Amino acid sequence: MSNIPTDLKYARTHEWLRTLSDGNVEVGISDHAQAALGDLVFVQLPDVGRAVAAGDACAVVESVKAASDLYAPVAGHVVAINEALSKEPELINQDPYGRGWVMRLKPDGATAGLLSAADYQKVADESEG
Amino acid sequence: MVDFGGWDMPVAYGSQIEEHQAVRRSAGVFDVSHMCIVDVTGARARDLLSRLLANDIGRLTTLGKALYTCMLNDSGGVIDDLIVYRMEGGDYRLVVNAGTRDKDMAWIGAHAASLDVSLLERRDLAMLAIQGPQARERTASLLSYDGSRTVLALETFFAARLGEWFVARTGYTGEDGFEVMLPASEAGSFWQRLNGAGVRCCGLGARDTLRLEAGMNLYGNDMDEQTHPLESGLGWTVAFEPSARDFIGRAALEAIRIRGSDNKLVGLVLEERTVLRSHQKVKVPGVGDGEVTSGTFSPTLGRSIGLARVPSATQATVEVEVRGRFLPARVVRPPFVRHGKVLVQ
């Protein structure tokens, strides 16, 4: 079973979102998603400063098995990226909700339309078949 | 778990890359019981295989010797690739792919009938591949004194029978090791004893990255019935000598050899930080187009490698279409890695 922390919000496309104390949001991929992808080998990060709309593909996480887009769960501007992933993409496998974070966004508006941990659990269960 | 030719098989037991590294650096074990083992018996078994196999069964002059070969159709297309072992009394053992089992059995059976040769599929046997620089010693440490001496004395591409077990110094990883065929009822306990001896469990994922680094073809990806050995990097497995041996596919391959093959299979190394995948388009400027037949991330090189079928005139570089962009790739001669050492620039 994958780990789905209850203090985070989730997107149907398997991103998680954490609201930070400065109002920015941190984004990564869920434990369920990293397990399904397997060992990550490359991560393409967005440029800092880039404006993104909710649902924009803004990073690529690539494993031995497959490449997968990471979509912005909310609209905003990229304010930080996790440079460590360029050298150590496996951080996403090892610590998907911590050292494996992908980017931080300054959101333009509210973070509506995201899933609670309980609702995301259902999405994860369905994709496990 | 994934479905693989009707078998439920794990892609990885844990980290696929760690499993890969275990085989390159120490030892790992793969459950390859899905492979189909067929014993070929009868006075004319050799005649049958001389006709069916593109490599020369006549090379198996000693007991236990193994030979890698393709089995071709009349137009030179590859029905399957397989290993054949010389057994006692003029008998042979074949190990063919799981995904091609049904058509292989039908093809071989159709040619065997008129020669009064019997085929026996050994579903009673399991097969474990123990691979890596420590694989032979760790495996031998679990055998009897005599058994251990016998298997450690095996040369590369030779096998020996130990009672109901059959131990071959063969593999699909580019490392030293054994492939052990044993009664299925004994496979579980042997697997656990291997784990106890420090041999790591490895899944299909690591098997694929290891074979690709070793420059070994995968049937269905790198060759099939629509492609022939001479455009699949397998010309070395076709025995045109002796010239009197009339194997199926010979006439077609000789015609191709005279006019020259249109295509060839090459190795690719990608500089960009992404991964080659099968079926990606290859552009060779001024020459033509090709296709990636197998691609992956190479844990040993730390970048992506692949095999591609390209026009024969292809030189040192090509472009591969990866997710909408054309990226430069260098053309190299496989293998990429053997015995833990990187062999390409």
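Here are three short exercises on chain B of this predicted model.

**Exercise 1.** Work out which strands pair with strand E6 of chain B, and how many bridges join each pair.

*Solution.* Start with strand E5 (residues 66-72): seven bridges join E5(B) to E6(B), and the two run antiparallel. As a spot check, find B:Leu72, which stands opposite B:Val78 in E6(B). Now go to the other partner, strand E7 (residues 92-96), which is joined to E6(B) by four bridges, again antiparallel. Here you can look for B:Tyr85, whose bridge partner in E7(B) is B:Arg93.

Next, follow the chain through the turns. The hairpin of E5(B) and E6(B) has five residues between the strands, and B:Gly76 takes a positive phi near 90° there. The hairpin of E6(B) and E7(B) also has five residues between its strands, with B:Gly89 at a positive phi near 65°.

**Exercise 2.** Decide why strand E6 (residues 78-86) of chain B counts as largely enclosed by the rest of the structure.

*Solution.* Count the buried residues along the strand: eight of the nine are buried, so E6(B) is largely enclosed.

**Exercise 3.** Take B:Cys70 and find out whether it is buried or exposed, and what it touches.

*Solution.* First place it: B:Cys70 is found in strand E5 of chain B. Then count neighbours. The cut-off for buried is 20 or more other C-beta atoms within 10 Å. B:Cys70 has 25 C-beta neighbours inside 10 Å, so it counts as buried. Last, skip residues up to four places away in sequence and list the contacts: among them are B:Val78, B:Asp81 and B:Pro229.

Conventions: Residues are numbered from 1 along each chain as its sequence is written. Chains are lettered from A and ligands numbered from 1 in the order in which they are written. This is a predicted model: local features need pLDDT of at least 70, side-chain atom pairs count only at pLDDT 80 or more; totals for chains, interfaces and linings use all residues. A residue is buried if 20 or more other C-beta atoms lie within 10 Å of its own, exposed if 12 or fewer, and partly exposed in between; C-beta atoms are placed from the backbone. Two strands pair if DSSP finds at least two bridges between them. Two residues are in contact if their C-beta atoms, placed from the backbone, lie within 7 Å.
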